[in-house]
Every structure is written in C-alpha cells, then in structure tokens.
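Welcome! Below are a few short exercises, each followed by a solution that goes step by step. Please take a look at the sequence and the structure before you begin.

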Amino acid sequence: MKSISNSSTEPAAAAGFFGLVQAQNFQMVFYMLVALVIIWAILLMLSRSMRKQSLELREKVSHLSSELEKTKEAFEREIAEYRVQLHTANESQQWYRNIYETTGTATVIVEEDLMISMVNTEFERLTGFARNDIEGKVRWLSLVHPDDATFMEMYHVQRLLDPTSAPRSYEFHFLHNNGELRTAFTHVSVIPGTKRSIVSFLDITAQKSQEKEVRLLAHALKSVSDCVSVTDMQDNILFVNDAFLWVYGYERHEIIGKPTSMLRPKQNNISSSILEETLQGGWHGEMPNVRKDGSVFVIELSTSVVRDDSGEPVALVGVSTDISERRRVETQMRFQSDILGNVRDGVIVTDIGGRISYWNIGAELLFGYGADEMTGRSPAQLYESIDEQGVAELLADVLDGREGSSECSARRKDGTRVWVDMKTSIMRDAAGNPTGVLAMIKDMSERRKQEQRYAKLNECLLSFGTDPVQNINSLVALCGEELNAEVALYNRMEGLMLHSLGRWNAPDDFVALSPAEGHICADIIHDGQPDVRLLSDLHLGSYAETDPAVTKYGLRCYLGKPVIFGGACVGSLCVLYRENMQPSDEDKKLLSIVSSAIGVEEERKRAEDALRESEESYRSLFENNITGVYRSSIDGEILDCNAAFARLLGYDREQILGNGARTLYSSPDDRADFIAKLREHGTLSSHETRLVRNDHTEVWVLESARLMNDGLLLGTIADITHRKEAQVQMERYTDELEKLNTSKDKFFSIISHDLRSPLSTLLGYTDLLMNDVDGYDLETIKTMAGSMNGLTKRIHSLLENLLEWSRLQAGRMEYQPIKVDLHDVVQDAVELFQESALRKRLSIQNRLNGDAVVLADQRMLRSVVQNLISNALKFSRPGESIDIVAENTGSEIQLSVIDRGIGMSEQQLSKLFRIDVHSTTAGTADEQGSGLGLILCKELVELNKGRIWAHSASENGSTFTFTIPRWVAN
C-alpha cells in the first residue's frame with residue numbers, strides 16, 4: 001500500500017485544511033466588524049440627526065415663541081415625533097449592544113492609552129476575567145504574553161497614526177486568569193473618528209495543538225522505517241511513506257492511485273481476504289510481495305481501518321516490514337544453534353548482566369548441570385578462582401574489546417575438579433550493540449595431566465647422571481608411578497636368563513635373575529614386535545603356569561613395550577597390576593617414550609663398555625684411518641685429529657691442534673647449524689658442509705659426529721668435492737635435457753596441430769577447386785580464395801615464429817645491442833597492422849614520445865612489439881582501441897600494450913609464457929594461434945636483459961608489459 005500524495009502535495013493538503021479553518025474564522029470576524037461599523041455609522045447618523053433637530057427646534061421655539069399658543073398642537077406633534085425617533089435610536093443601540101454581547105468572538109474596546117474600556121461576555125468566558133475587574137482598570141497588553149506585547153504596542157501606535165500602516169490580523173499569546181498560556185488569532189480596527197480600537201480574537205490553542213500533532217504525525221510517517229500505506233475501499237493506493245518507496249523501488253507518482261495487487265505475486269493475491277479481516281478488526285500476517293524490479297521478498301503486514309464520524313470505513317492503513325533478512329538470520333541462527341547444541345565443547349552465553357542465557361549439551365557433559373539448572377544463574381558458581389566480582393570484571397573486559405583465552409579450574413556438579421580453557425568473545429546484534437558474551441570451554445584436564453606427566457619425564461631426563469643403570473631405574477620408577485601400577489620392571493635377556501635390571505616397587509622376595517623360559521617378557525623380547533602389549537586375566541591364561549610371578553604376587557594385568565636399539569629387541573619395559581585395566585593412548589605413548597629412553601641408555605651403556613674394551617683398537621683405527629677423524633670440544637677447539645684429517649685440510653697435525661674448528665667452516669652459519677643439530681640428536685650422520693683448506697680453497701665434506709659422555713665431540717670427515725661437482729653437472733645436464741624435451745614436445749605439438757590443421761584446410765580448398773572449379777560461381781571462388789589467403793598468412797606467421805624460436809633454441813640468434821628509438825619501432829609495427837586493424841574496425845595508438853631510447857637488438861625488439869600488437873588485435877572487439885605507452889623508470893624503459901578486449905581469467909594468465917603448457921585461445925573473430933608468440937617474446941625480452949609480464953581480468957582487457965635497458969651515452 002502506498003501514499004495519498006507526494007511530498008509536494010502533502011503540505012498543500014495541510015495548507016488547504018488550515019486555510020479552510022482560517023477562512024471561516026476570518027469570515028466570522030469580517031461579519032462582526034461589518035456589523036460594528038454599521039452600528040457606529042447608525043449611531044453617528046442618529047447623533048447628527050439629533051443635533052440638527054435640536055437646532056431646528058430652538059429656531060422654531062425662538063421663532064414661534066410669540067405664536068406658542070397657535071402652534072401648540074404642531075409642537076406637540078413634533079415632540080411626539082422626536083420621542084418616536086429617540087425610542088427608535090435607543091432600540092437600535094440596544095440591538096447592537098446585544099450583538100456585541102452575544103457574538104461568539106471575544107471583543108475588547110481599547111482606548112488610546114490601551115486601557116480596556118469595554119469587554120463582552122465571550123471575552124469573560126475566554127480569558128476567565130470578570131468584566132468588573134477589567135473595564136477601566138486593566139491595560140490590554142497586561143493580558144498579553146511579554147514576548148508578544150512589544151510588537152503589539154508598536155502596531156497600536158502605527159495604527160493610530162495611520163490605520164493602514166500596521167497589520168490588522170495576526171496571532172498572539174495571552175494569559176488566562178488561571179495562568180495558562182493560550183494562543184489567539186486577532187483582528188484589530190480603529191473606530192472611525194476616534195482613537196479607540198476594537199479588538200476581536202478567537203482562541204486557537206486547540207487548533208494549534210492539532211496542527212502540531214498533524215505535523216508530527218506527517219514527519220513520523222515520513223521518518224518511520226516501517227512501510228506505511230493508505231488505500232481506499234477499492235484497494236487503490238492513496239498514500240505511502242518514504243520507507244515504502246525505498247523498499248519497493250518505486251517513485252511516488254508511479255504507485256499513487258494504483259491497486260495493491262501490483263505489489264503481490266499473481267498466485268498470491270489475497271487482497272479480498274485481507275480487506276474482509278481488516279473490516280472485522282484488523283489483519284496481521286506474513287506474505288510475499290514484489291518490488292519494482294520483479295524480485296520477491298517476504299513482509300510482515302498489519303492492517304487497520306479508518307472510519308469517518310458516522311463510523312463508515314473510508315480507508316485502510318497498512319504497516320509492513322521487510323523480514324527477508326530476518327528470515328535469513330533466523331535460519332542461520334537456527335543452523336548455528338543446532339551446530340552449537342551438538343558441539344562437544346562447552347558453549348555458554350551470558351547476557352550483559354552476567355546471567356547465563358544459553359547452555360549447550362557440551363557444557364552439560366563437562367559440568368554435569370542441565371540447561372534448566374544453569375539458565376538465569378551466574379557462571380561464578382562453576383569456577384574455583386572466579387567469584388561474582390570476577391565475572392563482572394571479565395564481562396567488562398570482553399565488552400571493552402579485550403577478548404581472550406584463559407585456563408582455570410572448575411568444579412563439576414559431583415564436586416570433582418576439572419581444568420578448562422575458556423575463550424571469550426563479545427556478541428552483537430545487527431546494529432552492532434553488545435548483547436552478551438560467548439564462552440567456548442574445552443576440558444583441559446587430560447592435557448594438564450599429560451603436561452604434568454611430561455614435565456616429570458623431562459625432569460627425570462635432565463637429572464640423568466653418568467650411570468646408565470641408575471638412569472634406567474629412574475625411568476622405570478617414573479613409568480610405574482605415572483601409570484598407577486603395582487610393580488614396574490625393565491627386563492633384558494642375558495643368555496638364557498632374564499635379568500630385571502630396572503625395578504620399582506618390587507616385592508622384597510622378588511628374584512632379579514631367573515630362567516627366561518615361560519616368562520611374559522622373555523616371549524615379548526623373542527617376538528621382537530615393537531607394539532605395546534596388553535594382557536588381561538593373567539590368572540586364567542597359560543602364564544599362570546609358566547610365569548611364577550603371576551600366581552605368586554596375584555597379578556591380573558600386564559602392560560609392556562619392547563626396548564629396541566640397533567635394530568634388535570634387547571629388553572622389555574612392563575607395568576603390572578592386580579586388577580585388569582585399559583590404558584589410554586597417552587599411557588601407551590608414555591610407555592613408548594620411556595622405552596625409547598631406556599634403549600638410549602642401554603646403547604650408551606654398551607657403547608661405554610665397548611669403548612673401554614677397545615681403547616687400543618680405537619687408537620689404532622684413529623691413527624690409521626684414511627677418513628679424517630677428529631675430537632674437539634663443543635665450542636670448537638680441536639683436541640685431537642688423525643693424519644688424514646690434517647692432510648685433507650692442507651695442514652700438519654701440529655698446526656691444526658688447538659685451533660678453533662669454527663674457522664674451518666666456509667660460513668659461521670654452517671657451523672652453528674651443525675652444532676644445533678648435534679645438540680638436538682646427540683649424533684649426526686652424513687652431514688654435507690663446506691670447509692676451508694689452508695690454501696683458502698673450499699672443499700665439500702661429508703661430516704658425521706657424536707657427542708660423547710665426557711662432553712666432547714667425536715667426528716669424521718670425508719672429501720666429496722668430486723662427487724658434488726659431478727652432482728651439480730648432472731643437475732645442469734638434467735635441466736637442459738628437460739628444457740630440450742619440453743621444446744621438442746612444443747615443436748612437435750605445433751607441427752602436428754597448429755601447422756597441420758591450417759594446411760589440411762588449405763589442401764581441402766585446393767582439392768575442391770581442382771576437382772570442380774567450373775561448378776563454383778565467382779563469389780564462391782572469391783570466398784574460398786579469401787579463406788585460403790587467411791590460412792596462408794596464418795601459416796606464414798607461424799613459420800616465422802617457429803623459425804625465430806628454433807634459431808633461439810639452437811643458439812644461432814646472436815644478441816647485437818644498439819641504440820634504438822623505441823617510438824620508431826612501435827610506429828613501424830602500428831603501420832604494419834593498420835590494415836588488419838581497419839578491417840576489424842579497431843584503432844591502434846602509438847603514445848610514445850622521443851625520449852624512449854633503449855639499448856637492444858633491434859630485430860628482436862621489433863619481433864616482440866609485433867607479436868604483442870598482433871595478440872592485442874586478436875582479442876579486441878570492433879570499436880575498441882589499443883594503446884602502446886612507455887614509462888622511463890630510470891635504468892629501464894617499460895613498454896605496455898593495452899587492449900580493452902575480452903581479457904583472461906587467472907587460470908589463463910598462469911599458463912602464459914610457459915613452454916610446458918599448450919595454451920591458445922581463439923580470437924574475437926575466431927583467429928587461431930599456436931601459443932608460441934608469447935613464449936618467443938619472453939625469450940627475446942630476457943635475451944635483451946629485460947622482463948615481461950601481463951595483467952588481465954575477464955571482459956576487462958589485458959596489458960602486456962616488458963622492460964628494456966635504457967640507452968645511456970657512456
């Protein structure tokens with residue numbers, strides 16, 4: 001539904017209404033003034049008549065005094081006549097006095113000094129003042145509001161001097177006897193022949209209030225964001241507000257007087273049912289509507305009826321709201337609510353007052369409280385370290401934009417502690433106003449447990465001493481404690497015996513060395529599989545008979561992990577329980593880590609034993625090894641080295657001892673990287689690096705090293721310089737071979753497709769002409785000749801590019817740079833393609849000036865420019881233009897060929913200038929190409945020490961840009 005009138009007619013309508021009211025008031029005042037003028041005119045006439053008669057009477061009395069007796073009858077007749085006239089005058093004066101008193105307009109007679117000399121009954125009623133308290137006692141302006149008294153006094157003075165010099169009608173404010181300020185409309189006239197004024201006025205306070213209300217209503221209707229419309233009883237639109245026009249997309253003149261059916265889809269026109277329900281008390285609901293552009297949207301509509309004084313319906317008012325966005329948001333919110341409701345993490349929403357308004361299933365599982373138990377309550381009861389004040393501060397921080405994450409402890413409904421990670425963020429409505437705080441809460445108890453577990457593990461590892469057996473026992477104890485076991489053991493095979501080298505919480509009578517056969521750990525060691533093993537209900541299995549500890553100590557559950565080093569299983573770490581248990585993934589992970597650490601200690605122990613046993617063998621091997629061997633401190637001081645080490649680096653052994661190893665590396669970063677990896681792993685094998693010989697030449701070596709128990713570094717180096725050189729040469733050969741293969745593939749692709757296709761078509765035309773030339777008319781032959789000419793040109797262009805490209809690949813195109821005026825090169829290319837451009841109705845603009853002078857191979861440069869212009873012509877549409885521009889960037893000239901054609905997608909751009917990707921697109925006139933031109937351009941530009949690139953977007957044209965070194969005189 002739309003508006004009664006447009007913005008220009010609404011004030012006119014209002015003015016017409018108020019004009020009518022004012023006109024009626026003016027008419028009443030005018031009639032009253034006319035009546036008063038007539039009254040005063042009659043009174044004046046009577047006064048003059050009476051004076052005249054009095055003079056005549058005196059003359060008659062004087063003249064007829066002597067004839068008094070004779071004229072007695074005549075005199076009596078004259079006296080009687082005079083009495084009749086006097087009676088008539090009195091009656092007339094009384095009649096006008098009655099009019100003055102009974103008129104509906106408040107009237108005041110004001111003297112020259114503005115003293116009130118007479119008021120009528122309406123004045124008493126309107127002002128609340130009694131006649132006796134006003135007449136002759138109060139000045140007129142004392143009853144007027146001070147803001148209006150000044151100009152009214154000025155008008156009074158002007159009016160006495162010239163009745164036409166001051167306004168006769170205007171509005172003013174007067175004070176009622178009860179102190180109330182009222183508005184009046186007055187008309188003032190000077191009584192002719194006197195200095196007295198007659199003031200008539202009407203109380204228009206209510207009218208003014210109604211005018212204000214009407215103005216406010218009109219402004220509200222124009223400003224309200226809802227769509228407001230008024231229709232007549234035939235469903236034609238009389239009025240719409242600005243919001244209605246904006247939502248529906250119409251101008252006011254396009255919709256006023258039109259039926260509302262134009263706003264509804266044809267299949268959903270329910271105007272009749274809406275009218276019926278509106279007349280019965282109003283209609284409210286949702287329905288589809290149609291905008292001017294044809295788009296359908298959903299509105300929420302409420303209607304009501306407007307009735308006249310007799311109660312008859314005269315119009316319908318509709319207020320509607322576009323709820324399409326609300327529908328979308330509601331759907332999205334339902335979707336999000338469904339998602340949040342099923343998230344396993346806790347999701348809690350609090351309002352800005354700090355009370356819980358949303359509680360998902362994740363929160364219920366985490367804390368044990370249901371949504372009905374927590375909704376409307378403070379989250380402070382959940383946390384151990386956050387009270388009500390803390391919740392308020394947290395809420396204030398989030399509302400101030402300080403969103404964040406924190407870990408804290410909480411209590412479940414059953415009283416158990418849980419560690420949680422709480423991430424808070426602010427929630428806002430569509431207007432951007434904060435509505436609450438969203439808290440995403442994750443159970444961190446398991447992570448905290450693991451952090452503490454690994455902290456203990458790290459502390460254990462850091463506390464290791466030089467005794468591997470003591471270190472192994474520390475690891476076994478840590479494993480038993482953290483896995484809540486009854487007993488923890490590390491068993492290893494020693495011949496046919498099983499030796500419990502590491503023990504924790506073992507019974508006093510436990511035998512550390514026993515025959516291996518039948519023991520669980522012995523079987524696991526022999527099996528050699530690296531997986532964690534879990535065996536439950538041991539008392540019911542075969543091990544109750546073969547493993548004495550099962551029955552003796554009442555063991556029910558075994559959890560073990562083989563200890564592997566050097567590729568062999570050498571032992572087993574196990575924890576034992578008197579009840580069945582189910583380990584978690586983290587439990588298994590801890591068991592694996594401790595098992596690996598024990599393996600390292602076993603390896604270190606065996607290495608130490610082997611080192612002590614073979615010290616002499618080592619020294620012999622050290623001295624006589626053809627590989628360079630050295631021993632140094634971790635900070636780089638070389639403490640010992642063999643002859644091969646010194647010889648490889650060009651030193652005598654005495655020269656190199658005591659020197660810093662870091663000076664031997666080609667780069668300090670190489671040494672730092674080497675030491676960092678060694679510290680991390682303890683050993684480093686086959687690390688390639690470069691060392692500096694005594695003669696300052698570099699040598700590639702393969703370095704291996706180990707951090708020894710005494711904190712020293714033992715390492716070896718082997719010369720791999722020849723291997724590295726051969727590797728680099730092989731990589732270069734491989735790259736060249738790949739390029740040759742790619743070029744070969746590209747060449748054969750062009751020959752097989754782009755060259756064969758037009759040749760096949762050309763051959764077809766020639767066959768047709770040779771076999772039946774007489775069967776074709778001249779126009780057909782011309783058409784065929786034109787096609788053959790185009791194919792020939794295409795083949796010629798392709799062959800030219802192939803020739804140049806093959807010369808480049810064969811290295812037969814020599815780069816001969818000279819001073820070249822880029823403007824002339826571009827101009828020659830523009831003239832070359834001028835005819836092709838005219839046929840396609842295109843324009844080519846050379847916008848270069850004489851400053852674009854470059855150092856380049858002129859023939860190569862000409863080929864690049866021609867290829868780029870040809871490419872732009874191919875993809876431009878009739879009526880478009882191609883611009884060639886250049887920019888001096890200092891050491892280079894940057895030339896760009898800009899077209900406004902069909903452009904390219906990102907995918908097409910990525911295939912440009914690549915020999916390994918066959919990319920070609922038909923032009924706007926179905927021109928064909930091989931994709932070789934841009935590849936040729938790239939190679940020619942790079943040969944001229946430049947760069948080439950392209951910018952483009954679909955349907956927005958393309959810009960190809962390349963750089964060429966600027967020519968400098970010296």
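**Exercise 1: a pair of charged side chains**

D695 and R693 form a salt bridge, their closest N and O atoms being 3.8 Å apart. (A salt bridge is a side-chain nitrogen of Lys or Arg within 4 Å of a carboxyl oxygen of Asp or Glu.) The model is predicted, so local features need pLDDT of at least 70 and side-chain atom pairs count only at pLDDT 80 or more, while totals for chains, interfaces and linings use all residues. Residues are numbered from 1 along each chain as its sequence is written, and side-chain values use heavy atoms, with hydrogens and water left out.

Task: State how exposed D695 and R693 are.

Solution.
- Step 1. Recall the classes: buried is under 20% relative accessible area, exposed is over 50%, and partly exposed is in between (1.4 Å probe, protein chains only).
- Step 2. D695 has a relative accessible area of 46%, so D695 is partly exposed.
- Step 3. R693, with 26%, is partly exposed.

**Exercise 2: a bridge between two loops**

Task: Find which parts of the chain the salt bridge of R196 and E111 ties together.

Solution.
- Step 1. The side chains of R196 and E111 meet in a salt bridge at 3.1 Å, N to O.
- Step 2. R196 sits in the loop between strand 4 (181-190) and strand 5 (197-203), and E111 in the loop between strand 1 (106-110) and strand 2 (116-119), so the pair ties together parts that are 85 residues apart in sequence. (Strands here are DSSP runs of E, at least two residues; helices are runs of H or I, at least four residues; both are numbered from the N terminus.)
- Step 3. R196 is partly exposed at 23% relative accessibility, and E111 is partly exposed at 22%.

**Exercise 3: the two faces of a helix**

Task: Work out which residues of helix 23 are buried and where they lie around the axis.

Solution.
- Step 1. The buried residues of helix 23 are R671, F674, I675 and L678.
- Step 2. These residues cover an arc of only 95° around the axis, which puts them on the same side of helix 23. (The arc is that of the directions from the helix axis to the C-beta atoms.)
- Step 3. Turned away from that buried side is a face with the exposed residues D669, E680 and H681.
- Step 4. Just after helix 23, G682 takes a positive phi of about 85°.
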